[in-house]
2 protein chains.
Amino acid sequence: MQRPELKKAGLRTTGPRLNILRVLETHAERHLGADEIYQLLLDAGEDISLATVYRVLTQFEDAGLVCRHNFEGGHSVFELETGRHHDHMICLETGQVTEFLSDDIERLQREIADLHGVELVEHSLILYVRPKKKSRDA
Amino acid sequence: MQRPELKKAGLRTTGPRLNILRVLETHAERHLGADEIYQLLLDAGEDISLATVYRVLTQFEDAGLVCRHNFEGGHSVFELETGRHHDHMICLETGQVTEFLSDDIERLQREIADLHGVELVEHSLILYVRPKKKSRDA
DNA sequence: CTAATTGCAAAAGCTTTGCAGCGCA
DNA sequence: TGCGCTGCAAAGCTTTTGCAATTAG
């Protein structure tokens with residue numbers, strides 16, 4: 001089971017790496033924290049250490065395989081790098097993470113950086129939302 | 001030296017609180033971490049503990065006097081609450097923080113939440129930028 | 001006078017790292 | 001076979017907290 005992405009990154013094919021890749025792929029719609037990935041692997045009967053999860057994720061990040069998002073409270077979540085940029089919407093009640101992309105916002109961000117005479121390298125946009133109550137508004 | 005904002009928040013007028021308020025006001029253009037506030041006070045000859053800085057900042061946040069931003073790496077910065085919402089642009093090279101506000105982006109965010117059938121509670125938008133190379137302007 | 005506040009130090013939560021042994025290429 | 005990789009446990013960082021002494025009102 002050779003993984004070209006590992007080869008390309010100069011990383012050896014090892015159990016922990018394959019397992020972590022698999023978990024990320026299996027939960028492509030979720031945004032997992034290192035601890036969650038660790039727990040999922042333990043639950044799956046894999047023998048792995050949290051330190052390795054962090055190390056591998058960091059290597060994957062450096063290799064451009066995954067991307068890390070820093071959510072509130074110093075908690076990081078990881079997701080496979082799809083090449084398709086998007087931002088996140090987090091439900092304050094359920095914790096559910098939804099991805100979205102607005103070309104208009106993306107463009108406006110570049111315009112703003114431009115106005116300030118700087119170059120936009122990257123950005124982080126997170127919307128904290130909550131289910132709409134029945135009546136619209138409070 | 002009575003501070004109506006403290007009274008209103010039900011907080012006693014104490015040295016640490018006055019000092020922290022003063023530091024925040026003195027550095028209104030900066031975005032200070034708790035550690036920086038602590039250090040500034042030490043440098044100013046004040047006798048204060050880091051724990052108190054955190055506690056006071058949290059109380060100020062609860063009272064709506066300051067607002068806390070979670071930047072990368074689990075590092076929080078604080079600034080006086082001006083009532084005027086804004087987002088941040090951080091220079092990756094100098095670390096300089098610039099505030100900005102785009103009504104268009106604000107509106108688009110609400111529209112996006114709306115499209116997803118949820119209510120926008122708050123958001124975090126941070127642009128990571130870098131000085132523009134050659135081209136005209138700086 | 002009495003509850004709020006502070007300092008200290010220990011603890012907590014997330015992430016990183018030193019080290020010795022194991023395993024991929 | 002050699003260097004990369006892993007696990008373990010300890011260390012690092014930022015932030016929080018228990019407790020006893022101190023202080024504002």
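A polar contact is a pair of N or O atoms within 3.5 Å. The legends below describe a predicted model.

**View 1. Polar contacts to DNA strand D in the predicted model.** The side chain of A:Arg55 places an N or O atom 2.7 Å from a base nitrogen of DNA strand D. Chain B approaches the phosphates through its backbone: an N or O atom of B:Thr13 lies 3.1 Å from a phosphate oxygen of the strand, and one of B:Ser76 lies 3.0 Å from a phosphate oxygen.

**View 2. The protein surface around DNA strand D.** The strand is surrounded by 21 residues, the closest being A:Thr14, A:Arg17, A:Thr52, A:Arg55 and B:Tyr54. Of the strand atoms that come within 4 Å of the protein, 69% belong to sugar and phosphate. Helices H2 (15-26) and H4 (50-62) of chain A, and helix H4 (50-62) and strand E3 (75-80) of chain B, each contribute at least two residues to this surface. Its composition is eight nonpolar, seven polar and six charged residues.

**View 3. The interface between domain 1 (4-80) and domain 2 (87-129) of chain A.** The C-alpha centres of the two domains are 24 Å apart. Six residues of domain 1 contact six residues of domain 2. About 510 Å² is buried between the domains, with carbon and sulfur atoms giving 62% of that area. A:His31, A:Phe71 and A:Glu72 supply 74% of the area that domain 1 buries against domain 2, more than any other three residues.

**View 4. Polar pairing between domain 1 and domain 2 of chain A.** Three residue pairs are in polar contact across the interface, whereas the count of salt bridges is zero. On the domain 1 side, strand E2 (residues 66-71) provides the largest share, three residues. That side comprises one nonpolar, three polar and two charged residues.

Key
Residues are numbered from 1 along each chain as its sequence is written. Chains are lettered from A and ligands numbered from 1 in the order in which they are written. This is a predicted model: local features need pLDDT of at least 70, side-chain atom pairs count only at pLDDT 80 or more; totals for chains, interfaces and linings use all residues. Side-chain values use heavy atoms; hydrogens and water are left out. A residue is near a molecule or strand if one of its heavy atoms lies within 4 Å of it. A polar contact is a pair of N or O atoms within 3.5 Å; within protein, one must be able to donate a hydrogen and the other to accept it, and residues adjacent in sequence count only if both atoms are side-chain atoms. Helices (H or I, at least four residues) and strands (E, at least two) are DSSP runs, numbered from the N terminus. Ala, Val, Leu, Ile, Met, Phe, Trp, Tyr, Cys and Pro count as nonpolar, Asp, Glu, Lys and Arg as charged, and the others, Gly among them, as polar. Domain bounds come from an automatic or database domain assignment. Contact means heavy atoms within 4.5 Å. Buried area is the accessible area (1.4 Å probe) that two parts lose on being put together, summed over both. A salt bridge is a side-chain nitrogen of Lys or Arg within 4 Å of a carboxyl oxygen of Asp or Glu.
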